[in-house]
Amino acid sequence: MAAASGRAVTLLRVVFGVRQLGPTAAREWGARLSSLFDCQRRCVSCFAGASFSGPRLASASRHHGQSSAMDCFLGLSQPDGSLTSRPPGVSMHRDEQDLLLVHRPDMPENPRVLRVVLLGAPNAGKSTLSNQLLGRKVFPVSKKVHTTRCQALGVITEKEAQVILLDTPGLISPVKQKRHHLELSLLEDPWKSMESADLVVVLVDVSDKWTRNQLSPQVLQCLTQFSQVPSILVMNKVDCLKQKSVLLELTAALTEGVVNGKKLKMRQALRSQPGTPCPSPAVKGPNTQSVGGPQRIGWPHFQEIFMLSALSQEDVKTLKQYLLAQARPGPWEFHSGVLTSQTPEEICANIIREKLLEHLPQEMPYSVQQRTVMWEEGPSGELVIEQKLLVPKKSHVRILIGPKGHLISQIAQEVSRDLMDIFLCDVRLRLSVKLLQ
């Protein structure tokens, strides 16, 4: 089994020149178990009521092993940056976060910077990948579509390089935007992000049999209009594929048989699979449709291909190293203590909405309105939040509260755990459900 897996990886590398990131089956399971144990340790700490006492500006590294955002701003001692070091946290106070965002970047003598736009269909895993690259969960993640409602920004700073991630909503058509009464930001933000991009990361969910065989028309249109911007293809969720040979066919289709200007040698690779169509030849022009031919389904101008699982730290680490290496000489845009441009309140609201999408049925979570009633620091330095959830129907009130208040309590606990890891302090969240008047 191990030998067969090794041959498959070698075949992908030889045929495509692909940066195959996934480890062998044994190492893959080992990483998952290790990640699971780490998660359990964190959860135990949260349920045990870990509190963070002392002054507001005391170093959070005593409890988390890495300096907070305000530690960086104040110049308190912090470990040398590396790919294994923990990223900065986000201040619970909006004025401190705002101050850090406008503070002069503490860049070295030879700074480098890269603005990266993540494009893909809804639910392709863009926010999951962004969170893994950043090292903290600052963007909401859900199995339901349109979890990300507007453009969000994350910052990776290591040594002399700074990578700015623009996590965009999934690309949709104007027809869907009108039909489902979605925010205009879902339609406009990805296009605005492309105007300042240095690199485009196109994410494809290879576990989705219905969409994986071609890039969406909206992604192709975006790539065509901004064809001067370099792009790479990230094939996500490869761990869900039982037959890795499917990756050969998908790569041929999504790249039109061309990677980094070189035509892929597909006949030899697919000789053992009779009936498999040969990939189309390289297309010279960037038009979305061939002259006198079928509509384009792939993009022949990708510079690199990455095959990974966004949930695997090992896979994501390789992609992160690649992005840092692509940073170009230029001034940083943010202080090294900045992790995201979002306000603390926005982060909290997004995480709560994520849990609503996860726990509530069908379309119900999209009708819930959120109102923050309290946001203050407690006597022991903990963050105290109270938020009202307004729903349009009485039946929704009962569903959201759950039997004996179990569901609303579970949502509050899950949100608190996520926020503790972001703000690096204890979080006490109270949620109440009201009927929308």
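The exercises below work through a predicted model of one protein.

**Exercise 1. Overall make-up**

Describe the secondary structure of the protein and state what share of its residues count as buried.

Solution.
Step 1: The secondary structure amounts to 15 helices and 13 strands.
Step 2: The protein has 437 residues, and 51% of them count as buried.
Step 3: The accessible surface is about 21,700 Å², and carbon and sulfur atoms account for 53% of that area.
Step 4: Take the contacts between residues at least 6 apart in sequence; 71% of these join residues at least 24 apart.

**Exercise 2. A sheet of 3 strands**

Find the order of the strands in the open sheet that contains β11, β12 and β13, and identify the edges.

Solution.
Step 1: The order is β11-β12-β13, and the pairing is mixed.
Step 2: β11 (369-377) and β13 (427-435) each have a single partner strand, so they stand at the edges, with one side of each lacking a neighbour in the sheet.
Step 3: From one strand to the next, the twist averages 15°.
Step 4: Strand β12 (residues 383-391) and β13 run parallel and are joined by 9 bridges.
Step 5: For I385, the bridge partner in β13 is L429.

**Exercise 3. Helices across the sheet**

Determine at what angles helices α13 and α15 run to strands of this sheet.

Solution.
Step 1: Helix α13 (residues 344-359) lies across β11, β12 and β13, and its angle to β11 is about 130°.
Step 2: Helix α15 (residues 406-423) also lies across β11, β12 and β13, and runs at about 140° to β13.

**Exercise 4. Two helix pairs**

Classify the packing of α14 with α15 and of α6 with α12, and list the residues in each contact.

Solution.
Step 1: The axes of α14 (residues 394-401) and α15 cross at roughly 60° and come within 5 Å.
Step 2: Roughly perpendicular requires 65 to 115 degrees, and α14 is therefore oblique to α15.
Step 3: I399, L400 and I401 of α14 meet H406, L407, I408 and I411 of α15.
Step 4: By class, this contact of α14 with α15 has 6 nonpolar, 1 polar and no charged residues.
Step 5: Helix α6 (residues 126-134) packs against helix α12 (residues 313-326) at about 75°, with axes 9 Å apart.
Step 6: That angle makes α6 roughly perpendicular to α12.
Step 7: The contact involves L129, Q132 and L133 of α6, together with Q313, V316, L319, K320 and L323 of α12.
Step 8: The classes in the contact of α6 with α12 are 5 nonpolar, 2 polar and 1 charged.

Conventions: Residues are numbered from 1 along each chain as its sequence is written. This is a predicted model: local features need pLDDT of at least 70, side-chain atom pairs count only at pLDDT 80 or more; totals for chains, interfaces and linings use all residues. Side-chain values use heavy atoms; hydrogens and water are left out. Axes are lines fitted to C-alpha atoms, for helices over the stretch in contact, and angles run from 0 to 180 degrees between N-to-C directions. Helices (H or I, at least four residues) and strands (E, at least two) are DSSP runs, numbered from the N terminus. Angles under 35 degrees count as roughly parallel, over 145 as roughly antiparallel, 65 to 115 as roughly perpendicular and the rest as oblique. Contact means heavy atoms within 4.5 Å. Ala, Val, Leu, Ile, Met, Phe, Trp, Tyr, Cys and Pro count as nonpolar, Asp, Glu, Lys and Arg as charged, and the others, Gly among them, as polar. Buried means under 20% relative accessible area, exposed over 50%, partly exposed in between (1.4 Å probe, protein chains only). Accessible areas come from the Shrake-Rupley method with a 1.4 Å probe; for residues, only the protein chains shown count as cover. Two strands pair if DSSP finds at least two bridges between them.
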